[in-house]
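Q: I would like a close look at a single part of this model, with the surroundings described as far as they help to place it. Please take the structure shown below as the starting point.

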Amino acid sequence: MTRYRKIVIVGGGFGGVKAALRLANKEGFWVRLISPKSYFEYHAALYRSATGHSPLEVAIPLDELFARSNNVEVVEDAVVGMDAEKKTLTGKSGAHYEYDEVIFALGSVTNYFGIPGVDRFAYGMKSVQEALELKTHLHEQLTNHDHDHTYVVIGGGASGIELAGELVGYESRIRRAHHVQNKFQVDLMEAAPRLVASLGERYSKKIRQRLGALGVHVMTDSCVVKETLDELKLKHTSVHSHTVVWTAGQTTHPFFAQYPEVFSFSKKGKVKVDMYMRAAKHIYVIGDCADTQYSGMAQTAIHDANYVADQLIRRYWDWDVTPYRPKRPVYVIPVGPKWAAVRWGNFEAYGYLGWLIRRIADLRLFLMLLSISQAFAVWHYGVVREEACPICRVDTH
Ligand SMILES: Cc1cc2nc3c(=O)[nH]c(=O)nc-3n(C[C@H](O)[C@H](O)[C@H](O)COP(=O)(O)OP(=O)(O)OC[C@H]3O[C@@H](n4cnc5c(N)ncnc54)[C@H](O)[C@@H]3O)c2cc1C
């Protein structure tokens with residue numbers, strides 16, 4: 001073989017990290033992973049960080065992930081431009097990055113659908129930083145004695161359900177620790193007539209029942225039209241609250257829209273890819289941004305990453321390449337302590353069994369990214385609660 005292939009991977013999330021790991025220490029490849037953050041974020045457990053569990057489960061340093069790779073360079077930068085003709089990318093730092101092949105794994109960004117005030121006043125649930133901001137806000141309210149009566153989670157998808165289910169118990173716990181007696185409620189609002197509408201009626205119903213048993217007030221057919229500092233306006237009513245969390249919308253990363261001559265988009269706004277996951281010559285798009293059947297799940301991003309990395313290896317060695325085949329993900333939504341709803345094709349499980357499946361799924365994902373000892377250590381953090389209130393150090397147990 002004459003020379004190595006320069007692979008640039010843009011984005012240090014599920015897809016990007018997995019693609020780099022798959023190419024790590026492979027003969028003939030030199031890999032540069034560009035990410036604005038120095039750590040990988042495990043989104044599936046963000047709701048736990050917002051509600052008192054250790055953030056060590058959700059943020060894993062990239063350097064740690066690639067400590068044993070001799071051909072992967074991690075660069076802390078954000079890609080802001082590209083020249084597809086010259087095969088170069090430009091970073092926010094001003095640096096230029098040349099590639100033979102580029103893999104974009106930029107993920108999605110929050111979409112507020114232009115609803116006035118939501119971008120300003122609602123808390124987010126898309127990063128460790130946002131999860132910790134929410135946690136700090138919940139405690140600050142209690143120490144300042146201006147606590148809300150109603151906490152609102154907008155979005156009846158997986159993220160909203162997970163958060164609402166955990167928030168009730170957490171708020172009770174921190175209220176007890178802060179000696180706050182009065183009542184409160186958690187509202188989960190969804191614009192559609194059902195929660196997780198795409199996953200079948202029985203699945204939605206079971207989740208709704210469980211949320212009800214936990215004390216969450218589920219409001220379907222509830223479309224938010226405006227938010228101010230202390231009020232959320234719906235079509236026919238309004239709710240007074242300073243604690244509103246937005247989990248209701250995601251959209252494709254805006255980077256691609258700058259290059260309509262290179263990228264084309266599906267009706268859903270995702271980047272169209274061919275049967276080898278290429279958006280254009282030498283340009284691959286994977287994960288949330290790619291228009292594939294099960295796009296929008298971490299499991300899909302990992303599957304895409306494995307596929308593209310393997311195809312690059314096969315091309316390098318002049319082996320046959322095979323077309324991309326989507327892989328049906330397992331849907332597992334935890335709802336409150338030790339309870340989860342699982343749907344995998346026609347198989348469904350609810351309750352403690354579901355929760356065990358979820359813990360196994362978490363471990364499986366960590367094992368795809370980390371060594372066995374690292375994976376078990378990070379997985380263990382999922383059951384570790386923070387010892388005390390981050391504001392005034394009162395014990396929250
Ligand atoms: C709260 C929450 C819970 C979830 N729970 C689950 C779950 O239980 N199961 C499941 O399968 N999926 C879950 N998902 C979905 C899953 O997280 C995504 O599908 C997955 O992260 C997509 O992987 P990705 O590689 O496409 O993007 P991401 O993992 O989002 O990675 C994108 C990366 O690109 C980086 N980036 C952004 N802009 C730039 C730039 N300009 N230059 C360079 N890098 C950049 C970002 O920093 C990030 O590291 C959840 C998502 C959220 C938000």
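Why does Asn-25 count as exposed?

A: In this predicted model, Asn-25 has 12 C-beta neighbours inside 10 Å and therefore counts as exposed, since a residue is put in that class at 12 or fewer. Asn-25 belongs to the loop between H1 and S2, and its phi is positive, about 60°, although the residue is not a glycine. Most residues other than glycine have a negative phi.

The two elements that flank this loop also take part in the surroundings of the ligand. The ligand is surrounded by 33 residues, the closest being Gly-11, Gly-13, Gly-15, Gly-107 and Gly-287. Helix H1 (14-23) and strand S2 (29-35) are among the elements that give two or more residues to this shell, and helix H6 (158-177) and helix H8 (298-316) do so as well. Sorted by class, the shell consists of 17 nonpolar, 13 polar and three charged residues. Both domain 1 (5-36 + 77-110 + 251-316) and domain 2 (118-248 + 331-381) contribute at least three residues each to the shell.

H1 has a part in the meeting of the domains too. The domain assignment divides the chain into domain 1 (5-36 + 77-110 + 251-316) and domain 2 (118-248 + 331-381), and the C-alpha centres of the two are 30 Å apart. Where they touch, six residues of domain 1 are in contact with five residues of domain 2. On the side of domain 1 that touches domain 2, H1 and H8 each supply at least two residues, with H1 giving the most, namely three. That side is made up, by class, of four nonpolar, one polar and one charged residues.

A second loop residue can be set beside Asn-25. Asp-221, in the loop between S13 and strand S14 (224-227), likewise has a positive phi, near 50°, without being a glycine. Asp-221 also counts as exposed, because it has 12 C-beta neighbours inside 10 Å.

Strand S13 (216-219) leads back to a helix, for it is among the elements that cover the buried residues of H7, and that cover also includes H6, strand S12 (185-189), strand S21 (331-334), strand S22 (340-344) and strand S23 (347-351). The buried residues in question are Tyr-203, Ser-204, Lys-206, Ile-207, Arg-208, Arg-210 and Leu-211. Helix H7 (residues 201-214) itself has 14 residues and reaches 20 Å from its first C-alpha to its last, close to the 20 Å expected at 1.5 Å a residue. After H7 comes Gly-215, with a positive phi near 100°.

These parts sit in a chain with 10 helices and 23 strands, of whose 397 residues 42% count as buried. Of the contacts between residues at least 6 apart in sequence, 66% join residues at least 24 apart. The C-alpha trace spans about 70 × 45 × 45 Å along its principal axes. A compact globule of 397 residues would have a radius of gyration near 21 Å, so the 22 Å of the chain agrees with that expectation.

Technical notes. Residues numbered from 1 in each chain as written. Predicted model: local features only at pLDDT ≥ 70, side-chain atom pairs only at ≥ 80, totals over all residues. Near = placed C-beta within 6 Å. Helix = DSSP H or I, 4+ residues; strand = E, 2+ residues; numbered from the N terminus. Nonpolar A, V, L, I, M, F, W, Y, C, P; charged D, E, K, R; others polar. Domains from an automatic or database assignment. Rg over C-alpha atoms; globule rule 2.2 N^0.38 Å. Buried ≥ 20, exposed ≤ 12 C-beta atoms within 10 Å, placed from the backbone. Contact = placed C-beta atoms within 7 Å. Expected span 1.5 Å × (residues − 1).
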